[in-house]
Structure formats: structure tokens, C-alpha cells
Amino acid sequence: MVEDWKHTLYLWRQNKLAMVGTVLVAFFILIAMFAPLIAPYDPIEVDLSRTLLPPSSEHIFGTDQFGRDIFSRVVYGARIEVGIILLVTVISGTIGLAVGITAGYFGGVIDDVLMRITDVFLSFPNLILAMALSAMLGRGVFNAIIAISFVGWTIIARLARAESMKIKSLPYIEAIRALGASNIRILLLHILPMCMSPVLVQLSLRMGSIILTAAGLGFLGLGAQPPTPEWGAIVSDGRSYLVEQWWISTFPGLFIALVVLGFNLLGDGIRDMMDPRIRR
């Protein structure tokens, strides 16, 4: 195991883009963890005497139309984005794994029904379906998380199904079944662990799209509601001031771009490091 970890670290060092992605993601997580120590102002404090101030030494990202410090709102917004990523990853990953391994292991009618349901969800663009679900559930961060989760499980289900179909025909699964192991035991103790590696890679690749979808819902007013400092909502606040007060939308948009880039680079690096052909 130690040698395997050393080899993984070696592959990570060889992948310069993965290192860049790791740094960006680590920077993002550190900002979220230490937001109260980094932010100089209350992110929701209104001060009409300092509205629409440009970037300066006092307000390095400027202020918005309500006098709120943009830098503080962006920093606290990182906490909201981390929460969205974690919850959506757990919910969508659980749903996708449950549907995928069940369909792949049992096959037949169960597989047909579950995969046709998956096809229905796959037939709609993710953002459009998330908008529809979020509008149906109501505005708010929690409802946006539920909407994004119910959109993002389909790729995980397809991947888990393919892996479980391959694993269930292996000799050791047949031996376990012959010894009297129940289907639940086989699914949870043998099929599920073998499906985790490719699923985790796929989840790491999807974290960037989760942020984009959450920011899109916030921008449209279907996600986080004022005065919550969510990045998409902050970008939306600056739409009417984009020409002259460009800083309101520019800085949160820049953070969205950097974090999405970081997760994409890190996901690509994890995929390469776990590729058996490269590990040889």
C-alpha cells in the first residue's frame, strides 16, 4: 500500500496540470474554512454611505449598490459553494450508485425500467431540468441542491451499471453466491466497493459543473436568495451596473472560473492517475 501511494504521488508530480488544479482547489477550500478570519467586513451589512465604491485599499474588490464589501461576500460565498458541492456530490452519488448497481446486477425488467427512467432524465439539458425542478420546489439554496442532485445522478448510474455488469460475472462473485450469500450482501460488500473507484473519478470531474449549475440558478434567481452571498447571485446583482461598476460581477465571476478550472484539472489528473495503463 505504501508503494502504491508513493507511485500515485509520483504520477501526481508528473502531471503539472493536476498540480495546478490541486493548488486552486486547496486555495478555494482554505478560503471557505477561514472565511471569518479573511473577510474584513460583514458580507450582508448594508451601508448606503459607501455604495458602488471602486476597488481600493479599504475595499479591494469594491462595494455593491447596497454598500456591501464585495471581497467579504466572495469569501463567504466560498462556504456556500463548498456546502453545495458536498451535498450534491453525496446525494447524486448515492442515488446514481443505488440505481446503477441495482440495474446492472439484477438485469432484466429491473434494468429496463431503471435505465428508461435514466434516459428520461438524460434527454433534458442539465441546467434546463435543474431550473424546472428548482422552480417547482421553490427558491432557495436547499431546493437548488435538491434540484441539482436529481439532475446529476444519471451519469453515475450509467457508469455504476456498466461496472456492476462486468463484476457480477467474475468467478469470485459466483463462488460467493454458491456459498449462500444474499443479493444485498453481494451488492453492498462486493459490487459496491468495486464500483467506487470509477465513480469517484466521475464525481471529481463533475464538481466544476455543479458550481456552474448552482451559479446559473443563483444568477436566474432560483437558487440562493438575497442577501445570501452566493457567487451566482452576486454576479446577478451587478448586471445593471456592468458597464461602469464592473467590479460587482467581475470578481465573483473570476472566482467561479478559477474554481471550475481547478476542479476540472484535478479531475483529469485523478482520472489519469487511476488509469491502469498509466500506473503500469
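Me: In this predicted model, why are helix 9 and helix 11 called roughly antiparallel?

Reply: Helix 9 (residues 183-219) packs against helix 11 (residues 247-273) at an angle of about 165°, and their axes are 7 Å apart. Angles over 145 degrees count as roughly antiparallel. The pair is therefore roughly antiparallel. The crossing of helix 9 and helix 11 is left-handed.

Me: Which residues make the contact between helix 9 and helix 11?

Reply: From helix 9 come V201, S204, L205, M207, G208, I211, L212 and A215. They meet I256, V259, V260, F263, N264, G267, D268, I270 and R271 in helix 11. By class, this contact has 11 nonpolar, four polar and two charged residues. Gly counts as polar in this scheme, and G208 and G267 are among the residues of the contact.

Me: Why is helix 6 called oblique to helix 7?

Reply: The axes of helix 6 (residues 126-137) and helix 7 (residues 141-167) come within 8 Å and cross at roughly 140°. To be roughly antiparallel, an angle must be over 145 degrees, while roughly perpendicular covers 65 to 115. An angle of roughly 140° fits neither range, so helix 6 is oblique to helix 7. Their crossing is right-handed.

Me: What makes up the contact of helix 6 with helix 7?

Reply: Helix 6 supplies N126, L129, A130, L133, S134 and L137, and helix 7 supplies N143, A144, I146, A147, F150 and V151. Sorted by class, the contact has nine nonpolar, three polar and no charged residues.

Me: Why does Q65 count as buried?

Reply: The relative accessibility of Q65 is 16%. Buried means under 20%, so Q65 counts as buried. Q65 lies in the loop between helix 3 and helix 4. Leaving out residues up to four places away in sequence, Q65 touches T51, L52, D237, Y241 and I248.

Me: L52 is one of the residues that Q65 touches; why is L52 called partly exposed?

Reply: L52 has a relative accessible area of 25%. Partly exposed is the class between buried, under 20%, and exposed, over 50%. The value for L52 falls in that class, so L52 is partly exposed. L52 is in the loop between helix 3 (35-38) and helix 4 (70-106).

Me: What is noted about the phi of L52?

Reply: Most residues other than glycine have a negative phi. L52 is not a glycine, yet its phi is positive, about 55°.

Me: What makes I110 partly exposed?

Reply: At 39% relative accessibility, I110 is neither under 20% nor over 50%, so I110 counts as partly exposed. I110 is in helix 5 (residues 108-122). I110 and V99 are 11 residues apart in sequence, and their C-alpha atoms are 9.8 Å apart.

Me: Where is there a cis peptide bond?

Reply: The bond from P226 to P227 is cis, with omega near 5°. Most peptide bonds are trans. P227 is found in the loop between helix 9 and helix 10 (231-237).

Me: How do residues 82-106 and 203-226, which UniProt (unreviewed entry) lists among its transmembrane regions, appear in the model?

Reply: Residues 82-106 are 100% helix and 0% strand, with end C-alpha atoms 36 Å apart. Residues 203-226 are 71% helix and 0% strand, with end C-alpha atoms 29 Å apart.

Technical notes:
Residues are numbered from 1 along each chain as its sequence is written. This is a predicted model: local features need pLDDT of at least 70, side-chain atom pairs count only at pLDDT 80 or more; totals for chains, interfaces and linings use all residues. Side-chain values use heavy atoms; hydrogens and water are left out. Axes are lines fitted to C-alpha atoms, for helices over the stretch in contact, and angles run from 0 to 180 degrees between N-to-C directions. Helices (H or I, at least four residues) and strands (E, at least two) are DSSP runs, numbered from the N terminus. Angles under 35 degrees count as roughly parallel, over 145 as roughly antiparallel, 65 to 115 as roughly perpendicular and the rest as oblique. A crossing is left-handed if the near helix is turned anticlockwise from the far one by less than a right angle, and right-handed if clockwise. Contact means heavy atoms within 4.5 Å. Buried means under 20% relative accessible area, exposed over 50%, partly exposed in between (1.4 Å probe, protein chains only).
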